[in-house]
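Me: I am new to this structure and would like a close look at one part of it, the way its helices pack together. Could you walk me through that in one connected answer?

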Amino acid sequence: MAKTLAIPWELKYKFIRGMLTTLFKGVMYEIREKDGAAAALEFYEKIWKREDRVKNMTTTLKDVFKIEDNDMNAIYKWFVIFNELIGTEGYTQLEQSKTFCRVRVPIGCAWKTDPKDISDWVLIFFNIVVKTINPKATVERPKGMCAGDSYCEYVYKIEE
């Protein structure tokens, strides 16, 4: 019987994350090159909305971590958990009220894209997440490393 090779889970995580990052960038760049930025973003959005992929993942994390509300605190807590899961460090809340939250991510997004014309992929993903938690919620990125800023900043809002 062959011996099983023991590979540390941290290495497995980094390997899988690296593969997914490379795959994501490769697919987005190829579609962008062939059909343009708008087509790449449309493709990306269709993938995440098909079979409610992001919606189901959002709900799963809410259930596992017992996030029961749909207020700004619930949105912030969800993103803290998500960023911990994907390995984004430095996710810092700068300001929060019942209907507003501003956060800073000093290292940018996990899959920072070089072509600026497809960098809004993250807003597509984040908007699906926040609308799953609260249909009146939105997210904006006033600062982004892909736009030349030294960090990314996201603003979450819930319409009253």
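**How the helices pack**

Reply: Happy to. The structure holds nine salt bridges, and one of them will help us with the helix packing. Keep in mind that this is a predicted model. The mean pLDDT of the protein chain is 89, with 94% of its residues at 70 or more.

Let us get our bearings. The protein chain has five helices and four strands. Starting at the N terminus, the order of the elements is α-α-α-α-β-β-α-β-β. Along the principal axes, the C-alpha atoms fill a box of roughly 60 × 40 × 35 Å.

A good place to begin is helix α1, residues 9-35, and its partner helix α2, residues 37-49. Their axes lie 7 Å apart, and the two helices pack at an angle of about 140°. Angles over 145 degrees would count as roughly antiparallel, so α1 is oblique to α2. The crossing of this pair is right-handed. On the α1 side, the contact is made by Phe24, Val27, Met28, Ile31, Arg32 and Asp35. On the α2 side, the residues are Ala37, Ala39, Ala40, Leu41, Phe43 and Tyr44. Sorted by character, the residues of this contact are 10 nonpolar, two charged and no polar.

Arg32 deserves a second look, as this α1 residue also forms a salt bridge with Asp117. The closest N and O atoms of the two are 2.7 Å apart. In general, side chains of opposite charge can pair when their charged atoms come close. Here the pair links distant parts of the chain, with Arg32 in helix α1 and Asp117 in the loop between β2 (100-105) and α5 (121-133). The two residues are 85 residues apart.

That loop leads us to α5, which packs with α2 at an angle of about 25°, their axes being 10 Å apart. Angles under 35 degrees count as roughly parallel, so α2 is roughly parallel to α5. The crossing of α2 and α5 is right-handed. From α2, the contact takes in Leu41, Tyr44, Glu45, Trp48 and Lys49. From α5 come Trp121, Ile124, Phe125 and Ile128. The residues of this contact comprise seven nonpolar, two charged and no polar. Notice that Leu41 and Tyr44 of α2 take part in the contact with α1 and also in the contact with α5.

Finally, turn to α3 and helix α4, which spans residues 72-86. Their axes come within 10 Å and cross at roughly 100°. Angles of 65 to 115 degrees count as roughly perpendicular, so α3 is roughly perpendicular to α4. Met57, Thr58, Leu61 and Lys62 in α3 meet Trp78, Phe82 and Leu85 in α4. The residues of this contact divide into five nonpolar, one polar and one charged.

How does confidence vary among the elements of the protein chain? Helix α3, residues 53-64, has the highest mean pLDDT, 96, while α1 has the lowest, 88. As a reading tip, where pLDDT is low, the predicted coordinates should not be read in detail.

Technical notes:
Residues numbered from 1 in each chain as written. Predicted model: local features only at pLDDT ≥ 70, side-chain atom pairs only at ≥ 80, totals over all residues. Heavy atoms only, no water. Axes fitted to C-alpha atoms, helices over the stretch in contact; angles between N-to-C directions. Left-handed = near helix turned anticlockwise from the far one by under 90°. Contact = heavy atoms within 4.5 Å. Nonpolar A, V, L, I, M, F, W, Y, C, P; charged D, E, K, R; others polar. pLDDT = per-residue confidence, 0-100. Salt bridge = Lys/Arg side-chain N within 4 Å of Asp/Glu carboxyl O.
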